[in-house]
Amino acid sequence: MKFKTLEEILKKKSSKTEFAILTNLENGNSEIYIPGTSPEGEFSKYTNEIEKFFKSKKNGVIENSEIFVETYIKPIKVIIVGAVHIAQYLVDFAKSLNFEISIIDPRGYFASEQRFPDIRVINKWPKEAFEEIETNSNTALIALTHDPKIDDPALQFALKNKFYYIGALGSKKTHENRCQRLSEAGFTNDEINSIHGPIGIKLGGKSAPEIALSIIAQLVSETYKK
């Protein structure tokens, strides 16, 4: 691989740009593929196959060729509201996945760097915290506090900004009350029904790590449905 290509790869990784590295395994030639553009030279005749690999977020060798495609997908932003015990396990599970975690919690005794090392922790109320986070329809929200003063503003923000995944912890009764409040705040049934509540897939577990596992499994499943 040429030094210039390597420099460009490092730059794109640093800026969290999505791309793919195309390598001819026979001669070692490499090229960076940017989605929406056409590969050049020896890679140009595989444009359709390269696009398929990239869209499927997979790595591999194109059939009947020596062209290896290695994709780099931007981490999915996941915002956890509530620096509670379950959040610590969620962070542990997410470390090996393509998620970029931020935690919002105005309660300083929960939201500390000691409890969440190497994670962005915003010790503010959701309304203020979201002013510091760039979000879009590829963002996920996990609300864990059970406290309407903290969870509800975050859920409302996520609904208004059409996050692809929104989940909230709590019993069925808690969720019914939450839905009622959102309805009174003017949200439609379709919007409210898009919230995963109670959050997580049914694994049958009750402990904090088991609940975290059920949430992360649901999040991964919904991510691949996008």
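**Close-up 1. Strand E6 pairs with strand E7.** In this predicted model, E6 and E7 (residues 120-122) run parallel and are joined by three bridges. To find your way around, start at Ile-103: its bridge partner in E7 is Val-121.

**Close-up 2. E6 also pairs with strand E5.** Here we look at E6 next to E5 (residues 76-81), and the pairing is again parallel, with six bridges. Which residue of E6 does Ile-79 stand opposite? That would be Ser-102. How much of E6 is covered? Mostly covered is the short version: of the six residues in the strand (99-104), five are buried.

**Close-up 3. A helix links E5 and E6 in a β-α-β unit.** Follow the chain from E5 through helix H3 (residues 85-94) and on into E6, and you've traced a β-α-β unit. Which hand does this unit have? It's right-handed.

**Close-up 4. Four strands make an open, antiparallel sheet.** Now for another part of the chain. Read across this sheet and the order goes E2, E1, E4, E3, with antiparallel pairing. Why do E2 and E3 each have one side without a neighbour in the sheet? E2 (30-33) and E3 (60-61) sit at the edges and each has just a single partner strand, so one side of each is left free of a sheet neighbour.

**Close-up 5. E1 and E4 pair within the open sheet.** Zoom in on E1 (residues 19-24) and E4 (residues 67-72), and you'll find six bridges in the antiparallel sense. A handy landmark is Thr-23, which stands opposite Phe-68 of E4. One tip for looking at strands: in a regular one, side chains alternate between the two faces of the sheet.

**Pulling back. The whole chain has eight helices and nine strands.** Its C-alpha atoms fill a box of roughly 60 × 40 × 35 Å along the principal axes. There are 226 residues, and 43% of them count as buried. If you take the contacts between residues at least 6 apart in sequence, 54% join residues at least 24 apart. As for the surface, the chain exposes about 12700 Å², and 49% of that comes from carbon and sulfur atoms. How are the charges laid out? The chain carries 30 positive and 30 negative charges, and the mean positions of the two sets are 4 Å apart.

Notes:
Residues numbered from 1 in each chain as written. Predicted model: local features only at pLDDT ≥ 70, side-chain atom pairs only at ≥ 80, totals over all residues. Heavy atoms only, no water. Buried < 20%, exposed > 50% of the residue type's maximum accessible area, 1.4 Å probe, protein only. Helix = DSSP H or I, 4+ residues; strand = E, 2+ residues; numbered from the N terminus. Pairing = 2+ DSSP bridges. Right-handed = clockwise from strand over helix to strand, strands pointing away. Contact = heavy atoms within 4.5 Å. Areas by Shrake-Rupley, 256 points an atom, 1.4 Å probe, with all protein chains shown as cover. Lys, Arg positive; Asp, Glu negative; His and termini not counted. Charge placed at Lys NZ, Arg CZ, Asp CG, Glu CD.
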